[in-house]
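This report describes one protein chain for a reader who is new to structural biology. Please look at the sequence and the model first.

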Amino acid sequence: CHPLFFMLLLAHFLGATATDVCTMNGLTKRQLGDGQQLFQMKILEDNYTYILSWDSDALVVDPGDAHPVLELLDQENLKLVNVLLTHHHADHTGGV
């Protein structure tokens, strides 16, 4: 199952629907609802990390590189509360 599918499914169960989409420099930001956002971040050569945020909390999926994830969390004033790894490959776990 593709992680983006999982994130959108999770957002759906949270009652969110994607409305606004903004893409810039390998980062896509989808506004899901009041205080809910989904970020898709290009990591390494051909991987993506997903960040689902609600209010000031965030769930990160497959952080292949910690630096850009931590930068985004800081820029968006988000607190990391959970990390989901879809499998054990280093390009998905390197940022843990």
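The text below moves from the chain as a whole to its strands, and then to selected side chains.

**Overall organisation**

The model is predicted. Its secondary structure consists of 3 helices and 6 strands. In order along the sequence, these elements give the pattern α-β-β-β-β-β-α-β-α. The chain has 96 residues, and 36% of them are buried. The accessible surface amounts to about 5,800 Å², with 54% of this area belonging to carbon and sulfur atoms. Among the contacts with a separation of 6 or more, 33% are between residues 24 or more positions apart.

**How the strands pair**

The table lists four strand pairings, with the sense and the number of bridges for each.

| Strands | Sense | Bridges |
|---|---|---|
| E2 and E3 | antiparallel | 6 bridges |
| E3 and E4 | antiparallel | 8 bridges |
| E4 and E5 | antiparallel | 5 bridges |
| E5 and E6 | parallel | 5 bridges |

Individual residues show how these pairings are made. Between E2 and E3, Lys 29 has Phe 39 in E3 as its bridge partner. Gln 36 stands opposite Trp 54, which belongs to E4. Further along, Leu 52 has a bridge partner in E5, namely Leu 59. In the parallel pairing, Val 60 stands opposite Val 83 in E6.

Three hairpins connect strands in this set. The hairpin of E2 and E3 has 2 residues between the strands, and Gly 35 there takes a positive phi near 75°. In the hairpin of E3 and E4, 3 residues lie between the strands, and Leu 44 has a positive phi near 55°. The hairpin of E4 and E5 has 2 residues between its strands, with Asp 55 at a positive phi near 55°.

**Covered strands**

Which residues of E5 lie on each of its two faces? In a regular strand, side chains alternate between the two faces of the sheet. In E5, Asp 57, Leu 59 and Val 61 are on one side, while Ala 58 and Val 60 are on the other. Both faces of E5 are covered, and these residues are all buried. The count for the strand is therefore 5 of 5 residues buried, where buried means under 20% relative accessible area. Strand E3, which spans residues 36-43, is also mostly covered, with 7 of its 8 residues buried.

**Lys 42 in strand E3**

Lys 42 lies in strand E3. Is this residue buried or partly exposed? Lys 42 counts as partly exposed because its relative accessibility is 38%, and the partly exposed class lies between 20% and 50%. Leaving aside residues up to four places away in sequence, Lys 42 touches Gly 26, Asn 47 and Tyr 48. The side chain of Lys 42 also reaches the backbone oxygen of Glu 45 at 2.7 Å. In addition, Lys 42 and Leu 27 are 15 residues apart in sequence, while their C-alpha atoms are 6.4 Å apart in space.

**Salt bridges**

How many salt bridges does the structure hold? There are 2 salt bridges in the structure. One of them joins Lys 29 and Glu 76, whose closest N and O atoms are 3.7 Å apart. This pair links distant parts of the chain: Lys 29 is in strand E2 (residues 27-33), and Glu 76 is in the loop between helix H2 (66-75) and E6, 47 residues apart. Lys 29 is partly exposed, with a relative accessible area of 28%. Glu 76 is likewise partly exposed, its relative accessible area being 27%.

Another salt bridge is formed by the side chains of Lys 79 and Asp 57, with an N to O distance of 3.9 Å. Here too, distant parts of the chain are linked: Lys 79 is in strand E6 and Asp 57 is in strand E5 (residues 57-61), 22 residues apart.

**A nonpolar patch on the surface**

Leu 80, Val 83, Leu 85 and Val 96 form a nonpolar patch on the surface. Together they have about 340 Å² of accessible area. Leu 80 is found in strand E6, which covers residues 79-84. Leu 80 counts as partly exposed because its relative accessibility is 39%. That value meets the requirement for patch residues, which is over 30% relative accessible area.

Note on methods. Residues numbered from 1 in each chain as written. Predicted model: local features only at pLDDT ≥ 70, side-chain atom pairs only at ≥ 80, totals over all residues. Heavy atoms only, no water. Patch = residues over 30% accessible without salt bridge, like charges linked within 9 Å, V, L, I, M, F, W, Y side chains within 5 Å. Areas by Shrake-Rupley, 256 points an atom, 1.4 Å probe, with all protein chains shown as cover. Salt bridge = Lys/Arg side-chain N within 4 Å of Asp/Glu carboxyl O. Helix = DSSP H or I, 4+ residues; strand = E, 2+ residues; numbered from the N terminus. Buried < 20%, exposed > 50% of the residue type's maximum accessible area, 1.4 Å probe, protein only. Contact = heavy atoms within 4.5 Å. Polar contact = N/O pair within 3.5 Å; in protein donor to acceptor, adjacent residues only side chain to side chain. Pairing = 2+ DSSP bridges.
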